[in-house]
Amino acid sequence: MKFYIESLQLWLKTGKRRSVSFLPNKVNVITGDSHTGKTAILDIVDYCMFASKHRISESIINENVGWYGLRIHLNEKIYMLARRAPVGTTPSPDYYFSSTGEVPDTAPSPNISESVLKKLLSADFGIDQDVRIPFGGRTLQANSRVSLRYFLLFNTISQDIITHSDQFFDKQNQARYQEALPRIFDIAVGIDTVENILKREKRAELERSLARQQKLSAKTEEMREQFNAQLAETVARAKGYGLVAEDTDADASVTVLTRMVTERESGPDLHVSAKYEEISSEIYRVSRKIRGLRRFVSEYGNHKATLKETADSLQPVEHLMRNFEETVRTSVFDDILRNLSKGLQEIKDATARKTPLDGNIAEIIKELESQRGKLEKDLQALPAEMESFESDKDKYIFIGETKAKLELYSEPESDKAPDNSELIASLEAQIEDLAVSPVEDRKELFTRALDEAIQDYISLTKAALGNYGDYRSAFNYSEKKLHLRKPKTTSTENVGSSSNHMFLHLFLFLGLHELIMRNDRIHVAPFLIIDQFSRPYWGEDDEKDVDQSDVGKVKLALELLDQFITTANGMGKEFQMIVFEHINPRYWEGLKNVHLVEIFRDGNALIPVASGG
């Protein structure tokens with residue numbers, strides 16, 4: 001990515017235009033007195049780049065300016081963008097834009113909306129509108145768009161943080177930017193790519209779809225199991241009440257219960273189980289046969305006993321027959337004796353022989369008793385006592401519950417959950433085919449490379465770090481902070497001193513930009529604005545006496561910045577720095593990449609008026 005600010009443009013309310021120009025591939029220094037508007041330049045750049053609130057001083061600066069603008073070079077294009085001055089604390093929604101870099105002589109007229117201009121510049125910064133915040137926070141919502149402004153966190157080191165012991169990036173006192181930094185850091189420095197993020201988002205979307213389908217499938221299966229359990233319980237109760245046949249098959253349960261509901265809804269009679277009734281009736285019929293046969297056998301035995309008794313009573317007839325000659329006979333004696341003798345013989349014949357009836361009846365009874373025993377065994381397998389409803393109301397409640405369950409689980413075919421096994425298989429295949437590069441290894445490699453780059457800066461400025469000159473760079477990825485580590489130890493040092501903190505800030509930002517350039521990242525513009533790195537030594541007065549050792553540290557810091565431009569050019573890259581200072585130009589004599597923009601002193605200031613600040 002190529003980017004540099006060619007000039008800052010101010011359209012004053014007097015009708016004049018104030019311009020401050022900068023060079024590419026240089027450390028552009030504006031030095032001078034306090035309250036001359038140097039720091040306001042950083043705030044103006046931020047305001048022109050879509051700030052939702054501003055820090056531009058109302059006194060002297062904002063009260064005299066109608067429009068603020070930047071003429072920038074961006075990827076072989078020249079743009080002019082300007083924004084109307086805020087009213088009080090309220091930023092203006094009015095923007096001017098020229099795609100050819102045209103700078104109006106008089107105050108611009110609004111010709112573009114903020115959203116359109118931001119989208120245009122975002123495209124040049126390689127920020128795809130489809131790229132979303134991967135995870136949300138208390139302020140930033142997950143899946144919200146990545147803003148161009150988040151990447152500007154890598155382009156400024158304000159005077160508020162240059163010597164901060166614990167804070168390395170601007171705007172970290174604002175929740176939005178505090179949450180944004182860890183969310184866009186990997187994209188900015190090259191640990192992750194937009195393409196990989198989109199793949200990861202697509203994979204996450206597919207995994208969510210797969211989870212939904214698997215959940216739907218599991219729920220369908222769970223409902224099926226619940227239905228089967230409910231069905232088994234309902235069928236068991238219906239059998240117990242004798243509403244369905246005991247031998248009802250599980251596969252036919254729904255049909256049988258549906259028929260039961262239909263039949264029982266049409267009439268109040270309660271039917272005994274067909275099987276129970278059939279067995280009971282058959283036992284009754286067999287028992288009746290057995291009783292009849294046994295009664296017949298008993299009566300038949302009694303009949304034979306009677307015949308035998310009759311035969312015994314006729315024994316005198318035999319005596320008379322044997323003593324026939326000695327008997328006194330009358331005229332009918334012969335006939336009576338003959339008939340009695342004949343009857344006695346017949347009785348003897350009847351009682352003497354054994355007929356087939358005697359054996360067959362015993363066999364029949366035996367078979368019937370065996371049949372009855374089997375029936376009784378079958379009956380025992382059924383409920384010992386058939387359950388019964390206390391009232392018709394209870395019966396219809398049960399039937400109503402059964403009907404409701406059948407309607408709940410036996411939905412119409414069109415309402416049933418479709419078989420999603422093919423869809424699940426397809427989603428699994430898509431997830432497997434979508435290759436997403438893991439970033440954990442890249443994070444570790446990036447941290448190592450960053451520490452190596454920073455170690456070169458530490459070596460260059462070793463004399464300024466005093467006791468820490470031989471320490472090792474130890475970037476904390478999770479905290480996004482730079483620490484120093486004592487050689488051959490794993491613990492980091494609390495370095496102390498605002499001078500050391502200043503150098504740590506320079507080290508981190510230069511190291512980040514070096515790796516961004518080496519990785520050909522396109523989201524972070526190759527420029528850096530630094531507001532008064534010499535504060536630990538001069539504060540806001542460059543005329544006071546300072547130790548020569550402090551002068552040496554300032555020179556080493558300037559040499560570090562100068563060397564970075566040389567390193568960038570050696571990589572075939574362009575890089576621009578804009579530095580606001582109080583120091584005298586003599587401190588960077590001999591440095592080929594340092595350019596003096598202006599000295600704000602003796603009446604010259606950002607707003608060139610007698611009361612200018």
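I began with the terms: helices (H or I, at least four residues) and strands (E, at least two) are DSSP runs, numbered from the N terminus. The model is predicted, so I kept in mind that local features need pLDDT of at least 70, that side-chain atom pairs count only at pLDDT 80 or more, and that totals for chains, interfaces and linings use all residues. Residues are numbered from 1 along each chain as its sequence is written, and side-chain values use heavy atoms, with hydrogens and water left out.

Cavities. On a 1 Å grid over the protein atoms alone, I took a cavity to be a set of points where a 1.4 Å probe fits but cannot get out, a pocket to be an open set with protein on both sides within 12 Å along at least five of seven lines, and lining residues to have an atom within 4 Å of a point. I found four cavities of 30 Å³ or more, and the largest holds about 90 Å³, where volume is the space filled by probe spheres set on the points, which are joined across faces, edges and corners. Its lining includes Leu-42, Met-49 and Phe-527; α1 and β11 (527-531) each supply at least two of the lining residues, and α1 gives the most, with three.

Largest pocket. I noted a volume of about 840 Å³ and a lining of 39 residues, with Thr-39, Ala-40, Asp-43, Arg-55 and Gln-159 nearest the centre. α1 (38-48) and β12 (576-581) each supply at least two residues of this pocket's lining, and the largest share, six residues, comes from α1.
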